[in-house]
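Grab your viewer and work through these exercises one at a time. Try each task before you read its solution.

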Amino acid sequence: MTDATLTHTPPADSLFRRNLRDFRRNRLAMASVIVMLIFVIMTVAAPLIAPHDPNQTDLFRRLQPPAWIDGGDWRFVLGCDGLGRDILSRIIYGARISIFIGVVVIVLATGVGILAGLAAGYFRGWVDVVIGRVVDILLGFPYLIFAIGLMAMMGPGLVNIVLALAYKEWVIPCRVVRGETLAVRELEYVEAARALGAGSGHIMWREILPNIMSPVIVVSTIRMANVIILEASLSFLGLGVQPPTASWGSMVSDGRAFILEAWWVSTFPGLAIVLLVLAINVASQGLRDAFDPRFSE
Amino acid sequence: MTVLLEVTNLRTEFSARAGLVRAVDGVSLQISRGECLGVVGESGSGKSVTFSSIMGLVRPPGRVTQGTIFFDGRDLRGMSPEEMRGVRGRDIAMTMQDALTALNPALTIGEQLAEVLVAHDETLPTGRAARRVAIKDRCVEMLGLVGIPSPDSRLRQYPHEFSGGMRQRIMIAIALACRPKLLIADEPTTALDVTIQAQVLELISDIRARMGMAVALITHDLGVVAEHCDRVMVMYAGQVVEEGPTEDVIGHPRHPYTRGLLASIPRPAMRGQPLTPIKGQVPNLMGLAPQCRFHSRCPLAEPSCLVEVPMLSAGPGRRARCLRLEETV
């Protein structure tokens, strides 16, 4: 070996970054990330992209079919709903609600779940018992029934949907974090940190948390798809965002009355839900494959 | 030499399902400033637990139930958890047995070094930029001290990018970052291969001489002790069985257990002859009767040994826990 090879140091490369590289190699997962990105762009740039005002009614265009069917009009590509509103524009604006709720609920739930899970797993004892009982109780309720009950109590509205979903959603990251914390707190480097005078806060935030983030990220993405479906379900039941604000769930519900004569009113928002949820699921499976050593070859 | 650490009659117990396990039973020890004490004994003899107890790191179901610990004139057992945190890392530092798992895999070496400094070093400048520069300088200095080439660029690397010997050195660098008065090196060489072992031990001895730091070297290797320690303490089944200056204890062991340990080490002079193992098993630490703990394996044992044995004087600066010392002169 020459001097040059001895002093050569590879570029800093954390486990996280290596995992990310694995993820980028997964083509299917990358494709679904692109689909997700398209939806995100739709949310951010809705006013620029949408061809029409999503709430502009026009009774002359009532139940106008998509452009490629007789009676269609290329200015209204996906047709119009029962009040003559442009379906494409409403889907673009509806993406805002779905993605906003998905992201906010997951961020909220993951934050709370990390705090509760770390506390339960690190302190054990009565903290663990109390948090564990709350988790068990919440898990005992069927999710949708729980959310419907809460919505009925709090009344509809954007903030209330977020709260109704987050109230239960935090349980999932909490259990993941607690389990991982239990394993990591016994490792030698945590003991080493204690031997160097580290306090509980430092050990939880700097020693344990960075080492358990991978499974938390994976679980949170998987759950985001679930939250989006739940939001659509609540909106479908009329407990979600109130009209005239466009939401995919309420659009499907609106089209239900005309499903035989005007299938497009329900079908296109339904397809949007399927596409987004599928993209998130595939992407999160790619994440799991890349980040979870049990799934990587 | 003034006494730095003085432990008297320390007892640490673990409550297991089957009963109380006394892992450390009446251990007394002293370490002077700048001294290196070797702590020898087989697995489960209570070496590591003794020092975990001193650092206040024993967690439930374990408990220190008895004894006094004075460090630098301060009573460690009487301290609040916060005060104790200030002592750990700054005054007493400890390196862990397994260097391969003792560094946090998610943080860079630089971050881990800096954290100890930030936690304990009050001499750092208060200005933000000056502070960052000072921390960086100290980190580079510490890595240089433990012999890591091009420390500047290596600060940004993660533990998995270093070899086992390097990681052991880094762990020592982290332990030494605040210039502790006492370093507890818990089997610093077990996870390393022989050539690296020698380097790491040499490094510890070297730094000890330069920084005037005391070292407690926990090991089960008497050869390591002979080479690096001023005094040695032999532990068996949770008790100290012999202590004294290294040369005297190794050259002329008085306790039958120490003799057995030394007889079981291969020597070039004894090539071709079988080794002499110590017969029998370490006793179960649960519910031990108050009697000599080595008697079931001892070649000198007699019925009169079945009583509680105190540490007896065995010459200048030496003590041993055996009633039949006159037979081992």
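**Exercise 1. Find the odd proline, then the odd phi angles.**
Say where B:P61 sits and what kind of peptide bond leads into it from B:P60.

*Solution.* Step one: B:P61 is in the loop of chain B between α1 (47–54) and β4 (62–71). Helices here are DSSP runs of H or I with at least four residues, strands are runs of E with at least two, and both are numbered from the N terminus. Step two: going from B:P60 to B:P61, the peptide bond is cis, with omega near 10°. For background, most peptide bonds are trans, and most residues other than glycine have a negative phi.

Before going on, a word on bookkeeping: this is a predicted model, where local features need pLDDT of at least 70, side-chain atom pairs count only at pLDDT 80 or more, and totals for chains, interfaces and linings use all residues. Residues count from 1 along each chain as its sequence is written, chains are lettered from A and ligands numbered from 1 in the order in which they are written, and side-chain values use heavy atoms, leaving out hydrogens and water.

Step three: now look at phi. A:R124 isn't a glycine, yet its phi is positive, about 50°. You'll find A:R124 in the chain A loop between α5 and α6 (125–140). Over in chain B, B:R179 is no glycine either and has a positive phi of about 50°; its loop runs between α6 and β7.

Step four: check accessibility. A:R124 is partly exposed because its relative accessibility is 36%, and B:R179 is partly exposed at 43%. (Buried is under 20% relative accessible area, exposed is over 50%, and partly exposed is in between, using a 1.4 Å probe and protein chains only.)

**Exercise 2. Look around B:T12.**
Is B:T12 buried or exposed, and which side chain does it join in a polar contact?

*Solution.* Step one: locate B:T12 in strand β1 (residues 3–16) of chain B. Step two: its relative accessibility is 0%, so B:T12 counts as buried. Step three: the side chains of B:T12 and B:S53 make a polar contact of 2.8 Å. (That's a pair of N or O atoms within 3.5 Å; within protein, one must be able to donate a hydrogen and the other to accept it, and residues adjacent in sequence count only if both atoms are side-chain atoms.) Step four: setting aside neighbours within four places in sequence, the contacts of B:T12 include B:V21, B:A23, B:V49, B:V58 and B:R63. Contact means heavy atoms within 4.5 Å.

**Exercise 3. Walk along helix α7 of chain B.**
How many residues does the helix have, and which of them are buried?

*Solution.* Step one: α7(B) covers residues 194–211, which is 18 residues. First C-alpha to last, the helix reaches 26 Å, close to the expected 26 Å at 1.5 Å a residue. (The expected span is 1.5 Å times one less than the number of residues.) Step two: the buried set is B:Q197, B:V200, B:L201, B:L203, B:I204, B:S205, B:I207 and B:R208. Step three: among the elements covering these buried residues are β3 (36–40), α4 (128–145) and β8 (214–219) of chain B. Step four: just past the helix, B:G212 takes a positive phi of about 60°.

**Exercise 4. Track the salt bridges.**
How many salt bridges does a search of the whole structure find, and which residue pairs with B:R208?

*Solution.* Step one: the search finds 31 over all chains. (A salt bridge is a side-chain nitrogen of Lys or Arg within 4 Å of a carboxyl oxygen of Asp or Glu.) Step two: B:R208 pairs with B:D230, with the closest N and O atoms 3.4 Å apart. These partners sit 22 residues apart, B:R208 in helix α7 and B:D230 in the loop between α8 and β9 (231–236) of chain B. B:R208 is buried at 16% relative accessible area, while B:D230 is partly exposed at 37%.

Step three: try B:R319 and B:E243, whose side chains meet in a salt bridge (2.9 Å, N to O). This pair is 76 residues apart, linking strand β12 (residues 319–320) to strand β10 (residues 239–245) of chain B.
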